[in-house]
Structure formats: structure tokens, C-alpha cells
Amino acid sequence: MSGPDTASVLLRRATAADARAAADVWLRSFAAALPTVVRPHADDAVRDHFRQVVVPLRETWVAETAGGEVVGVMVLEGEELSQLYLAPGWRGRGIGDRFVALAKEHRADGLSLWTFQVNAPARRFYERHGFTAVEWTDGARNEEREPDVRYVWRP
């Protein structure tokens, strides 16, 4: 794929200074990948959550270009891969693959995650990385009230 060199993209732990950029990646990615899913929180609330909770209290990683732009975010919470989002222009370039490899390295005993059933590209991505669908729900337990699916990976 043409475009910026992804080999120079660095995966590193997020710092407080990354919270806004990580939240903006999440917002842009969610809007692009899940246009039919209603978000329960306004943009500013998402940014506040990243600043107050996600970055300081979770194991949050970012993908940063050589020019200092944050183009991806991954969050690990216990054995859960709770978030993996890429800026829309950076999908399909191997950064997600690198994030999953990093998650597996840091959670060698296994991982689990939830994704929305309508997100077929994400489901294919996780299945390609060895995750298996183990539970399907009607969405009653998530804030979006959107049917979802739980995946697990075991080494």
C-alpha cells in the first residue's frame, strides 16, 4: 500500500500528553468503522475519559509516526484487549498486526476481547490472528445496545 512508511511507526506506552491524540484516533476510527453504531458519549466526554481513566489507569499503547503523529491506540486491561483503533488512513498497513503481536507478547497466557457483530472487518482481523468467537450477545450489556461478540485467543 502506498503512503507513509509504516516501518518507522513506533509502538510505545502512552503518556499523559498522548491522551487527546489517542482519544481523537478513537473518535475518527469509530466514526469510520462503525457508522451505524450510536455512540453513547459526546466527543468531549470521550476525550475526558481518555485523559482521566484510559491513559493514566490502563495499559495504553500508541502508534506514533516518525513525525510525532499518533495514528493508533491499543488498551490492555487485565487479559482483555479492550481497545484497538487506528486512524482511518492507517488501516491495512500492518500496525494492527503489530499491536496484536505486542498484546500477545504481554499477555502470553491468552487474551479476550469484544467487538460489535456489525464490524465484519474487525471480526475477520481477529480471526486471522487466531481469536475464536465464544459468545454472541444482543447488546443489552453494552452502552451502545449493539449486538456484540466475544473472542478469545489462547496460545
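**Close-up views of a predicted model**

**View 1. A salt bridge between strands β1 and β2.** In this close-up of the predicted model, the side chains of Arg12 and Glu64 come together in a salt bridge, with 3.1 Å from N to O. The two residues belong to distant parts of the chain, since Arg12 is placed in strand β1 (residues 10-13) and Glu64 in strand β2 (residues 59-64), 52 residues apart. Glu64 counts as buried, because its relative accessibility is 18% and the cut-off for a buried residue is under 20%. Strand β1 also holds Arg13, which is partly exposed with a relative accessible area of 45%. The C-alpha atom of Arg13 is separated by 23 Å from that of Ala122, a residue 109 positions apart from Arg13 along the chain.

**View 2. A salt bridge within helix α2.** A search of the whole structure gives 12 salt bridges, and one of them joins the side chains of Arg51 and Asp48, at 2.8 Å from N to O. Arg51 and Asp48 are separated by about one helical turn, because they are 3 residues apart in helix α2. Arg51 has a relative accessible area of 47% and is partly exposed, and Asp48, at 33% relative accessibility, likewise counts as partly exposed.

**View 3. A salt bridge from the segment after β7 to the loop between β3 and β4.** The side chains of Arg154 and Glu79 meet here in a salt bridge, with a distance of 3.4 Å from N to O. This pair again links distant parts of the chain, as Arg154 lies in the segment after β7 (148-153) and Glu79 in the loop between β3 and β4, 75 residues apart. Both partners are partly exposed, Arg154 with a relative accessible area of 45% and Glu79 at 34% relative accessibility. Elsewhere in the model, salt bridges with shared partners join Arg20, Asp24, Asp44 and Arg47 into one network.

**View 4. An aromatic cluster that includes Trp26 and Tyr85.** The whole structure contains 5 aromatic pairs. Among them, Trp26 and Tyr85 form a tilted pair, with 5.6 Å from centre to centre and 55° between the planes. The pair bridges distant parts of the chain, with Trp26 in helix α1 (residues 19-33) and Tyr85 in strand β4 (residues 80-86), 59 residues apart. Trp26 and Tyr85 are both buried, and ring pairs link these two residues with Phe30 and Phe116 into a cluster.

**View 5. The edge-to-face pair of Phe125 and Tyr126.** The rings of Phe125 and Tyr126 form an aromatic pair with 5.2 Å from centre to centre, and the angle of 75° between their planes makes the pair edge-to-face. Phe125 is buried, with a relative accessible area of 15%, and Tyr126 also counts as buried, at 8% relative accessibility.

**View 6. A charged group over the ring of Trp90.** The charged end of Arg93 sits over the ring of Trp90, at 5.1 Å from the centre of that ring. Arg91, which is placed in the loop between β4 and α3, is partly exposed, with a relative accessible area of 37%. The C-alpha atoms of Arg91 and Val71 are separated by 9.4 Å, although these residues are 20 residues apart along the chain.

**View 7. The largest pocket and its lining.** The largest pocket holds about 1,400 Å³ of space and is lined by 49 residues, of which Ser82, Gln83, Leu84, Tyr85 and Trp114 lie nearest its centre. The elements that contribute two or more residues to this lining are α1, α2 (43-57), β3 (70-77), β4, α3 (95-106), β5 (111-116) and α4 (120-128). Strand β4 gives the most, with 7 residues. By residue class, the lining of the largest pocket divides into 24 nonpolar, 12 polar and 13 charged residues. Tyr85 thus has a place in two of these views, because it is among the lining residues nearest the centre of the largest pocket and, with rings paired within 6.5 Å, it also belongs to the cluster with Trp26, Phe30 and Phe116.

Conventions
Residues are numbered from 1 along each chain as its sequence is written. This is a predicted model: local features need pLDDT of at least 70, side-chain atom pairs count only at pLDDT 80 or more; totals for chains, interfaces and linings use all residues. Side-chain values use heavy atoms; hydrogens and water are left out. Rings of Phe, Tyr and Trp (its six-membered ring) pair if their centres lie within 6.5 Å; planes under 30 degrees apart count as stacked, over 60 as edge-to-face and the rest as tilted. Helices (H or I, at least four residues) and strands (E, at least two) are DSSP runs, numbered from the N terminus. Buried means under 20% relative accessible area, exposed over 50%, partly exposed in between (1.4 Å probe, protein chains only). A charge sits over a ring if NZ of Lys or CZ of Arg is within 6 Å of the ring centre and within 35 degrees of the ring normal. On a 1 Å grid over the protein atoms alone, a cavity is a set of points where a 1.4 Å probe fits but cannot get out, and a pocket is an open set with protein on both sides within 12 Å along at least five of seven lines; lining residues have an atom within 4 Å of a point. Grid points are joined across faces, edges and corners, and a volume is the space filled by probe spheres set on the points. Ala, Val, Leu, Ile, Met, Phe, Trp, Tyr, Cys and Pro count as nonpolar, Asp, Glu, Lys and Arg as charged, and the others, Gly among them, as polar. A salt bridge is a side-chain nitrogen of Lys or Arg within 4 Å of a carboxyl oxygen of Asp or Glu.
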